[in-house]
Amino acid sequence: MLDMKLFRNEFDAVSKQLGQRGVDKTILDDFLKKDERRRELIQETEKLKKMRNEVSDQIALKKRNKEDAQADIESMRNVGRKIKAIDAELEIVEKEIFDIAAVLPNLAHESVPVGEDENANIEMKKWGKPRTFDFEPKPHWEIGEELGILDFERGAKVAHSRFLYYKGLGARLERAIYNFMIDLHVDEHGYTEMIPPYLVNDEAMFGTGQFPKFKEDVFQIANESLTLIPTAEVPLTNYYQNEILEEEQLPEYFTALSPSFRSEAGSAGRDTRGLIRLHQFNKVEMVKFSKPENSYDELEKMTANAEDVLQKLNLPYRVIVLCTGDMGFAASKTYDLEVWIPAQDTYREISSCSNTEAFQARRAKIRYRQSDSGKVEHVHTLNGSGLAVGRTMAAILENCQEADGSVTIPEALVSYMGGITQISKKK
RNA sequence: GGAAGAUUACCCAAGUCCGGCUGAAGGGGACGGUCUCGAAAACCGUUAGGCGAUUCAUCUCGUGCAAGGGUUCAAAUCCCUUAUCUUCCA
């Protein structure tokens, strides 16, 4: 949710920025008009309520003194009717305002490049050197199927396409990857480990910005207002929903492994094979609550935390900053990490780290009390994948494959694999 | 599944039958002060916060007694719905 005061006071600047994110100007003009009407109505109704309170006190006094108060009661009857009418109109206007505000995207930070789509994204850095193969590198699903550690066919049979079984050392490797990630974030990066609910209610989905605009992207439970989380960002960020934190608590870091469930509506035909685009995948998520003045430093640190995972696994990657047109709904600024996928001869997204500033905090009502002034202000919230586990698996299978079809386990994971250094075909 | 009772501010708790001097008593805790070398004790004081409107800011006003509706000039108090908890019955 945007800051209403900012919107009002700097309407031109804000609407220009929202224009860059695809919002129609006429909606914003209407929005501003409705906001004015809302304040008019509030002033009218509050004036009448004040009068009602005063006269009611006089009536009480007269009754106590056994005086006649009938005239006052008659006149107040009319005031009561007026108040009811104004409040009814006010309710409608507020609903209309809310419906517009709920679907307006966040404003981009000034450092974000302006552009329409991913072509305007800017590469910030490259790390590691893609390996040169002296054989034709296979896509990870072939490697996984040939090694008998990934089973997409049975996943489709038992669930649906875009589901799979990890089997044997495949399941072990997935578990090694996320345990390694969580340990790294907890032991070295200062995050608190969490296991959140995997189903959340509508308020939580609203708080982080998925609802009401992106309902078609998620799986909902029939006859219940519960949704399978599309990312652990939802339960982690909403942990402090509707709370006022103390300044000393900040910053606070959470990390959690969770499955993520996505309907992938509208991505038919894209990445139909392999681990890149699934209806259910594991992800280690990082979430931060920060004071506003530090949130961009925290974003840099969080991105570095995600990079650290890739560096320790020795997987080549690049960092890009998303342009205004490519950013998510809630983000003020987003860095994507893209890992090298040899069989596709390209970099693919493996992490997305965003500062949403106060956008989610306003929706979820997460605030903090400044210790010296006692003033209450919205926190800034950040979230990032650290990392998507399935895609990490894909990257390892492809980057660490050998000519004979075996896969060498990255050094950092060997202890998590119980000493296993290589996955090879059973003889 | 059925019946009865409960839900008041950071915590406990009065007020609800019988609506109006409740701008929610009282206590605990917390915080500040006096005293002290320092602390404890004692004493004095503060303690709905939030939200919204207004304002440069203050002042002020509206809202607020589990949540949401209703009745009334007026609701913590009367009525309805929902949630949670307790006890009892199956």
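A salt bridge is taken here as a side-chain nitrogen of Lys or Arg within 4 Å of a carboxyl oxygen of Asp or Glu. By that rule, zero salt bridges cross the interface of domain 1 and domain 2 in this predicted model.

**Domains and their interface**

Chain A is assigned two domains: domain 1 covers 4-101 and domain 2 covers 118-423. Their centres, taken over C-alpha atoms, are 44 Å apart. At the interface, four residues of domain 1 are in contact with seven residues of domain 2. The two domains bury about 390 Å² between them, and carbon and sulfur atoms account for 44% of that area. On the side of domain 1, Gln20, Arg21 and Phe98 supply 88% of the area buried against domain 2, more than any other three residues.

Although the interface has zero salt bridges, three residue pairs are in polar contact across it, both partners at pLDDT 80 or more. Sorted by class, the side of domain 1 that touches domain 2 comprises two nonpolar residues, one polar residue and one charged residue.

**Salt bridges in the structure**

Side chains of opposite charge can pair when their charged atoms come close. The count for the model comes to 30 salt bridges. One of them joins the side chains of Asp35 and Arg8, with an N to O distance of 2.6 Å. Asp35 belongs to helix α3 (residues 25-64) and Arg8 to helix α1 (residues 4-9); the two residues are 27 apart in the chain, and the pair links distant parts of it.

**Aromatic pairs**

The whole structure contains 15 aromatic pairs. In the pair of Phe254 and Phe289 the ring centres are 5.7 Å apart and the planes meet at 75°. Planes over 60 degrees apart count as edge-to-face, so the pair of Phe254 and Phe289 is given that class. Phe254 sits in strand β8 (residues 252-261) and Phe289 in strand β9 (residues 280-290), so this pair ties together parts that are 35 residues apart in sequence.

**Backbone exceptions**

Most residues other than glycine have a negative phi, and most peptide bonds are trans. Two cis peptide bonds are listed below with their omega values.

| Cis peptide bond | Omega |
|---|---|
| Leu250 and Pro251 | about -5° |
| Gly386 and Leu387 | about 10° |

Pro251 is placed in the loop between β7 (243-246) and β8, whereas Leu387 is in strand β15 (residues 380-388).

Which residue other than glycine has a positive phi near 45°? That residue is Asp271, found in the loop between β8 and β9. These are the strands that hold Phe254 and Phe289 respectively.

Note on methods. Residues numbered from 1 in each chain as written. Chains lettered and ligands numbered in written order. Predicted model: local features only at pLDDT ≥ 70, side-chain atom pairs only at ≥ 80, totals over all residues. Heavy atoms only, no water. Domains from an automatic or database assignment. Contact = heavy atoms within 4.5 Å. Buried area = accessible area lost by both parts, 1.4 Å probe. Polar contact = N/O pair within 3.5 Å; in protein donor to acceptor, adjacent residues only side chain to side chain. Nonpolar A, V, L, I, M, F, W, Y, C, P; charged D, E, K, R; others polar. Phe/Tyr/Trp six-rings, centres within 6.5 Å; stacked < 30°, edge-to-face > 60°. Helix = DSSP H or I, 4+ residues; strand = E, 2+ residues; numbered from the N terminus.
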